[in-house]
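Here is a friendly walk through one structure, written for someone who likes to look at residues one by one. Keep the viewer open and follow along.

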Amino acid sequence: MSVLTPTPSDTIAVGTSVSVTANAVDADGFIPNTAPGGVTFYADGEPIGSNDLNAPYAVTWTPTVATTYSLRALATDDKGNTRLSPPVSIVVRS
């Protein structure tokens with residue numbers, strides 16, 4: 001489970017739409033394409049967009065404040081188990 005984009009080296013401007021993508025694999029089952037499965041994305045612990053049920057997992061996010069954000073993704077598998085990605089810190093500039 002990992003956030004693929006954006007990366008810490010990307011420059012993001014306030015008000016610019018950004019594609020946040022993640023890789024999610026379940027070694028002992030699968031990531032279902034029905035709720036409550038799929039991948040949910042977070043910026044500083046707050047959900048962004050809606051739960052994505054289909055790979056490749058992505059959400060479009062438009063940051064509104066210039067600051068450093070911690071992006072994470074949470075995958076839910078077919079057994080209801082969850083796995084949280086390591087955080088990816090990104091800087092949004094004005």
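Let us begin at Thr76: setting aside neighbours within four places in sequence, Thr76 is in contact with Ile31, Pro32, Pro36, Gly37, Gly38, Asn81 and Thr82. Thr76 belongs to strand E7, which covers residues 68–76. With a relative accessible area of 12%, Thr76 is buried. Please bear in mind throughout that this is a predicted model.

**Strand E4 and its partners**

Which strand pairs with E4 over six bridges? The partner is E7, and the two strands pair in the antiparallel sense. E4 is also joined to strand E5 (residues 46–52) by four bridges, and these two strands run antiparallel as well. Phe41 is a good place to see both pairings: Phe41 stands opposite Ala73 in E7 and opposite Ile48 in E5. As general background, strands of a sheet pair through backbone hydrogen bonds, either parallel or antiparallel.

E4 is mostly covered, with five of its six residues buried. Ala43 lies in this strand, which spans residues 38–43. At 8% relative accessibility, Ala43 counts as buried. Beyond its neighbours within four places in sequence, Ala43 is in contact with Ile48, Trp61, Tyr69, Ser70 and Leu71. Ala43 and Thr68 are 25 residues apart in sequence, and their C-alpha atoms are 9.8 Å apart in space.

**The turn and two cis bonds**

Moving on from E4, you come to Asp44, in the loop between E4 and E5. The hairpin of these strands has two residues between them, and Asp44 takes a positive phi there. That phi is near 55 degrees, in a residue other than glycine. Asp44 counts as partly exposed, at 44% relative accessibility.

The backbone holds some further points to look up. The peptide bond from Thr5 to Pro6 is cis, with omega near -5 degrees, and Pro6 sits in the loop between E1 and strand E2 (12–13). The bond from Ala55 to Pro56 is also cis, with omega near -5 degrees; the place of Pro56 is in the loop between E5 and E6. For context, most residues other than glycine have a negative phi, and most peptide bonds are trans.

**A three-stranded sheet**

Now turn to an open sheet of three strands, in the order E1-E3-E6, with antiparallel pairing. Its edge strands are E1 (2–5) and E6, each of which pairs on one side only. From one strand to the next, the twist averages 30 degrees. Within this sheet, five bridges join E3 to E6, and Ser19 has Thr60 in E6 as its bridge partner.

**The nonpolar core**

How many residues make up the largest nonpolar core? The count is 22, and the residues with the most contacts inside this core are Val20, Val39, Phe41, Trp61 and Ile90. Strands E3 (18–23), E4, E6 (57–61), E7 and E9 (88–93) each supply at least two residues of the core. E7 gives the most, with four residues.

Val20 is worth selecting in the viewer. Not counting residues up to four places away in sequence, Val20 touches Val3, Thr5, Pro6, Phe41, Ile48, Tyr57, Ala58, Val59, Trp61 and Leu71.

**Side-chain pairs**

A search of the whole structure finds one aromatic pair. Trp61 and Tyr69 form this pair, which is edge-to-face: the centres are 5.0 Å apart, with 85 degrees between the planes. The structure also holds one salt bridge. Lys79 forms the salt bridge with Asp78, and the closest N and O atoms are 3.6 Å apart. That pair counts as a salt bridge because the cut-off is 4 Å.

Are the residues of these pairs buried or partly exposed? The table gives the relative accessible area of each.

| Residue | Relative accessible area | Class |
|---|---|---|
| Trp61 | 8% | buried |
| Tyr69 | 10% | buried |
| Lys79 | 48% | partly exposed |
| Asp78 | 32% | partly exposed |

In words, the aromatic residues Trp61 and Tyr69 are buried, whereas Lys79 and Asp78 of the salt bridge are partly exposed.

Definitions and conventions: Residues are numbered from 1 along each chain as its sequence is written. This is a predicted model: local features need pLDDT of at least 70, side-chain atom pairs count only at pLDDT 80 or more; totals for chains, interfaces and linings use all residues. Side-chain values use heavy atoms; hydrogens and water are left out. A salt bridge is a side-chain nitrogen of Lys or Arg within 4 Å of a carboxyl oxygen of Asp or Glu. Buried means under 20% relative accessible area, exposed over 50%, partly exposed in between (1.4 Å probe, protein chains only). Contact means heavy atoms within 4.5 Å. Two strands pair if DSSP finds at least two bridges between them. A nonpolar core is a set of buried Ala, Val, Leu, Ile, Met, Phe, Trp, Tyr and Cys residues joined through side-chain atoms within 4.5 Å. Axes are lines fitted to C-alpha atoms, for helices over the stretch in contact, and angles run from 0 to 180 degrees between N-to-C directions. Rings of Phe, Tyr and Trp (its six-membered ring) pair if their centres lie within 6.5 Å; planes under 30 degrees apart count as stacked, over 60 as edge-to-face and the rest as tilted.
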